[in-house]
Amino acid sequence: MDATQITLVQSTWSKVLPASETAADLFYNRSFEIDPSTEALFKGDMKEQGRKLMQMITAAVNGLNDLDGLVPAVQDLGRRHGGYGVRDEHYGSVASALLWTLEQGLGEDFTPEVKTAWTATYMLLARVMQDAAKKLEKAA
């Protein structure tokens, strides 16, 4: 990930935020369509879950300029997700749902460069989450 990609992710996320509730609904509906097994991982109010998702993505996007500060929070998120039953294969379906949601929300602003930037961002953060979950699993 380079500075240009970080700027692309941050600038496009600012366009999604005003419709964050709709984006969250699109994301979860698409996630459950891609991988119906993920629906069982959620046991609460999906509107509240959507707000948490948007807050988490916002914090991650805002933290991209300071990865050293961001990584511990992402590791913690990965450990929690591992405890909820999230498996490695879920990360692929989440990536697909996220990119699809961004494409729906950004329309023509979802350029190949934007897609590449978001993919790089997601892959980096997902790797950090997965590594943290695996370390916790091994320690148990």
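Helix α3 (46–62) contributes the most to the lining of the largest pocket, namely ten residues. Here helices (H or I, at least four residues) are DSSP runs, numbered from the N terminus. A pocket is defined on a 1 Å grid over the protein atoms alone as an open set of points with protein on both sides within 12 Å along at least five of seven lines, and lining residues have an atom within 4 Å of a point. The structure is a predicted model, in which local features need pLDDT of at least 70 and side-chain atom pairs count only at pLDDT 80 or more, whereas totals for chains, interfaces and linings use all residues. Residues are numbered from 1 along each chain as its sequence is written, and side-chain values use heavy atoms, with hydrogens and water left out.

The largest pocket encloses about 990 Å³ of space, where a volume is the space filled by probe spheres set on grid points joined across faces, edges and corners. Its lining comprises 37 residues, of which Y28, Q49, L53, M56 and H81 are the closest to the centre. At least two lining residues are supplied by each of α2, α3, α4 (67–84), α5 (88–106) and α6 (112–139). Classification of the lining gives 24 nonpolar, eight polar and five charged residues; Ala, Val, Leu, Ile, Met, Phe, Trp, Tyr, Cys and Pro count as nonpolar, Asp, Glu, Lys and Arg as charged, and the others, Gly among them, as polar.

A cavity, by contrast with a pocket, is a set of points where a 1.4 Å probe fits but cannot get out. One cavity of 30 Å³ or more was counted, and the volume of the largest cavity is about 30 Å³. The residues W13, A23, F27, M54, I57, L98, T101 and L102 line the largest cavity. Helices α2, α3 and α5 each provide at least two of these lining residues, with the largest share, three residues, coming from α5. The lining of the largest cavity has seven nonpolar residues, one polar residue and no charged residues.

Aromatic contacts were examined next. A pair of aromatic rings is described by the distance of the centres and the angle of the planes. Rings of Phe, Tyr and Trp (its six-membered ring) were paired if their centres lie within 6.5 Å, with planes under 30 degrees apart classed as stacked, over 60 as edge-to-face and the rest as tilted. Five aromatic pairs result from this rule. One of them, Y28 with F42, is edge-to-face, with 5.2 Å from centre to centre and 75° between the planes. This pair links distant parts of the chain, since Y28 belongs to helix α2 (residues 20–34) and F42 to the loop between α2 and α3, 14 residues apart. Y28 is buried at a relative accessible area of 7%, whereas F42 is partly exposed at 28%; buried denotes under 20% relative accessible area, exposed over 50%, and partly exposed the range in between (1.4 Å probe, protein chains only). Y28 and F42 also belong to one aromatic cluster together with F27 and F32.

Helix α1 (residues 3–16) has 14 residues, and the 20 Å between its end C-alpha atoms agrees with the 20 Å expected at 1.5 Å a residue. The expected span is 1.5 Å times one less than the number of residues. Residues Q5, I6, V9, T12, W13 and V16 of α1 are buried. They cover an arc of only 145° around the axis, and therefore lie on the same side of α1; the arc is that of the directions from the helix axis to the C-beta atoms. The face turned away from the buried side of α1 carries the exposed residues A3 and T4.

In α4, which has 18 residues, the distance from the first C-alpha to the last is 25 Å, close to the expected 26 Å. The buried residues of this helix are L70, V74, L77 and G78. Their arc around the axis is only 105°, so they are placed on the same side of α4. D68 and G83 are exposed on the other side of α4. Just after this helix, G85 adopts a positive phi of about 105°.

The 19 residues of α5 should span 27 Å, in agreement with the 28 Å between the end C-alpha atoms. Buried residues in α5 include H90, Y91, L98, T101 and L102. G107 follows α5 and has a positive phi, near 55°.
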